[in-house]
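The following exercises concern a cavity, a nonpolar core and a set of recorded spans. Each task is followed by a worked solution.

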Amino acid sequence: MNYFNTIFFGIYPFVAFTVFLLGSLIRYDRDQYTWRTGSSQLLEKKKLRLGSYLFHIGVLAILAGHFVGLLTPKAVWHLLGVEASTKQALAMGAGGLFGVICFIGMTILLHRRLANPRIRATSSRMDIVILLMLYVQLILGLLSIFVSAGHMDGAEMLKLMTWAQSIVTLNAPGAVAAISEVHVIYKLHVFLGLTLFLVFPFSRLVHVWSIPLQYFRRNYQIVRAKAAGGL
C-alpha cells in the first residue's frame, strides 16, 4: 500500500503540476486560437446562463476555500485563535453550501450538453470527459463531508493540510507519510483533482487563464447620447 501511496501522492502530484504549467504555456505559445471556452450560447441560452452562473459561484468559492484551507500553515490558524475542529466545521458548512450550488449548476450544464442533440453534436470528446470528471470530483467532495462528520476533531483535515504543504515545499516523503492513513474518499478526491490538473492544458479549461483582469484597470469609456433630431 505504501508503494501506491508513494506513486499516487508523492510522485504523481509533481507530474500533474509540471504538465499543468508547461502544457498551458506551450498551448498558449502554439495554439492561441484554441484558447477559448468554445461557447454554445447561440444554440441555447437559458440553461447555459443559469447553470454557468451557479457553477462558477460554487467552484470559485470551493477553489478559494481549498487554497486557503490547505495551504495556510497550522501556526497561522492557531495565531488567529481558530482550532482544527472549528476550521473543519467551517469547511464542512461553507463547502457543503457552495458544493450544492456548484452541483446544481453542473447538473444543469451536463444535462444540457448531453440531452440537447445540437449541443452534443458540437461537443468534443474532451468537453464531455472534462464535465464528467468535474461532476464526479464534486460528488466525491460532497461525500467527504459525511466522512468528516465522523471525526470532528479535524485530525484528517490536518493530515491533508500537511500533505498539500509538503507538496508545495517539495517534500515528497512528508506528503506520503501525511496522506497514507486518511480515508479512501479523500484519496480518491485528491487523485482526481490532480488528474484534472494533468488534463487541464488539453481541454477548454485553459480559458480560466484569460480572465480579463485588465478590465478593472481600464479607463472609463465615454458614451455620448445621440442629439435629438441629429444624424
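**Exercise 1.** Which helix gives the most to the lining of the largest cavity?

*Solution.* The model is a predicted one. Step one: a search of the whole structure finds one cavity of 30 Å³ or more, and the largest cavity holds about 50 Å³ of space. Step two: its lining is made up of K74, W77, H78, V82, E83, A84, K87, L158 and M161. Step three: at least two lining residues come from each of α3 (74-79), α4 and α7. α3 gives the most, with three residues.

**Exercise 2.** Determine how the lining of the largest cavity divides by residue character.

*Solution.* Five of the lining residues are nonpolar, one is polar and three are charged.

**Exercise 3.** Identify the element that gives the most to the largest nonpolar core, and place L134 within that core.

*Solution.* Step one: the core has 38 residues, of which F55, C102, M106, L134, W163, I179 and V190 touch the most other members. Step two: two or more residues come from each of α1 (2-30), α2 (46-71), α4 (84-115), α6 (125-148), α7 (155-168), α8 (172-179) and α9 (184-199). α6 gives the most, with eight residues. Step three: with neighbours within four places in sequence left aside, L134 is in contact with F55, M106, L196 and L205.

**Exercise 4.** Describe two of the spans that UniProt lists as "transmembrane region".

*Solution.* The unreviewed UniProt entry lists several such spans, including 50-69 and 130-152. Residues 50-69 are 100% helix, and their end C-alpha atoms lie 28 Å apart. Residues 130-152 are 83% helix and 0% strand, with end C-alpha atoms 33 Å apart.

Technical notes: Residues numbered from 1 in each chain as written. Predicted model: local features only at pLDDT ≥ 70, side-chain atom pairs only at ≥ 80, totals over all residues. Heavy atoms only, no water. Core = buried A, V, L, I, M, F, W, Y, C linked by side-chain atoms within 4.5 Å. Buried < 20%, exposed > 50% of the residue type's maximum accessible area, 1.4 Å probe, protein only. Helix = DSSP H or I, 4+ residues; strand = E, 2+ residues; numbered from the N terminus. Contact = heavy atoms within 4.5 Å. UniProt positions renumbered as here; feature names shortened; annotations may be inferred. 1 Å grid on protein atoms, 1.4 Å probe; cavity = no way out; pocket = protein on both sides within 12 Å on 5 of 7 lines; lining within 4 Å. Points joined across faces, edges and corners; volume = space filled by probe spheres on them. Nonpolar A, V, L, I, M, F, W, Y, C, P; charged D, E, K, R; others polar.
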